[in-house]
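User: Please take a close look at one part of this protein, a loop and the elements on either side of it. I would like a connected account that also sets this part in the context of the whole chain.

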Amino acid sequence: ATAVGTLEFRAVQEPVRTNPNLSQYYQAKATRLYPKEKKVVCTDIFKEKEFELEYDFLIIAAGCKTNTFRTPGVDEREGIEV
């Protein structure tokens, strides 16, 4: 596992921001979905600004939340420094 050094992080991750074939990338949370109109409302995780996107195809994938083990300060910095 990467946490103990037996597997390198670059072996299990693919950076999407540096993909030359990607036209736009949003780091946001989807808050509302309008499938009939093919629209999704999102909130930017850094600026907390709400915006709407239209789509042709929508792929829904579950995200995850890392366990911080109650380490002081980590929850307050999530999305900013962490």
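Analyst: **The loop and the sheet before it**

Phe-69 is found in the loop between β3 and α1; here helices (H or I, at least four residues) and strands (E, at least two) are DSSP runs, numbered from the N terminus. This is a predicted model, in which local features need pLDDT of at least 70 and side-chain atom pairs count only at pLDDT 80 or more, whereas totals for chains, interfaces and linings use all residues. Residues are numbered from 1 along each chain as its sequence is written, and side-chain values use heavy atoms, with hydrogens and water left out.

The phi angle of Phe-69 is positive, near 55°, although this residue is not a glycine. With a relative accessible area of 65%, Phe-69 is exposed (buried means under 20%, exposed over 50% and partly exposed in between, with a 1.4 Å probe and protein chains only). Phe-57 belongs to the loop between β3 and α1 as well, and it is likewise exposed, at 77% relative accessible area. Phe-57 also has a partner at a distance along the chain: its C-alpha atom is separated by 8.3 Å from that of Lys-38, although the two are 19 residues apart in sequence.

On one side of this loop stands helix α1, residues 74–77, and on the other strand β3; these two mark the ends of the confidence range, with α1 lowest at a mean of 82 and β3 highest at 97. The score is pLDDT, the predictor's confidence in each residue, from 0 to 100. For the protein, the mean pLDDT is 82, and 88% of the residues reach 70 or more. Where pLDDT is low, the predicted coordinates should not be read in detail.

The loop follows the strands in an overall plan of one helix and three strands, which run β-β-β-α from the N terminus. The strands make an open sheet in the order β1-β2-β3, with antiparallel pairing (two strands pair if DSSP finds at least two bridges between them). β1 and β3 each have a single partner strand and stand at the edges, so one side of each has no neighbour in the sheet. On average, and with direction ignored, neighbouring strands of this sheet are turned by 30° against each other; axes are lines fitted to C-alpha atoms, for helices over the stretch in contact, with angles from 0 to 180 degrees between N-to-C directions.

Strand β3 (residues 50–54), from which the loop departs, is joined by five bridges to β2 (residues 39–44), and the two run antiparallel. Within this pair, Val-41 stands opposite Glu-52 of β3. The two strands form a hairpin with five residues between them. Glu-48 lies in that loop between β2 and β3 and, like Phe-69, has a positive phi of about 55° without being a glycine. Glu-48 is exposed, at 66% relative accessible area.

Charged side chains of β3 also link it to the other strands. Side chains of opposite charge can pair when their charged atoms come close. A salt bridge here is a side-chain nitrogen of Lys or Arg within 4 Å of a carboxyl oxygen of Asp or Glu, and the count by this rule is two. In one, Glu-50 meets Arg-32 at 3.1 Å, N to O. Because Glu-50 lies in β3 and Arg-32 in β1 (residues 28–34), this pair ties together parts 18 residues apart in sequence. Both residues are partly exposed, Glu-50 at 46% and Arg-32 at 36%. In the other, the closest N and O atoms of Glu-52 and Lys-39 are 3.5 Å apart. Glu-52 lies in β3 and Lys-39 in β2, so this pair ties together parts 13 residues apart in sequence. Glu-52 is partly exposed at 47% relative accessibility, as is Lys-39 at 24%.

Turning to the whole chain, 9% of its 82 residues count as buried. Val-16, Leu-22 and Tyr-25 form a nonpolar surface patch with about 240 Å² of accessible area together. Patches consist of residues with over 30% relative accessible area and no salt bridge, like charges being joined within 9 Å and nonpolar side chains (Val, Leu, Ile, Met, Phe, Trp, Tyr) within 5 Å; areas come from the Shrake-Rupley method with a 1.4 Å probe, and for residues only the protein chains shown count as cover. Val-16 is placed in the segment before β1 and is partly exposed, at 39% relative accessibility.
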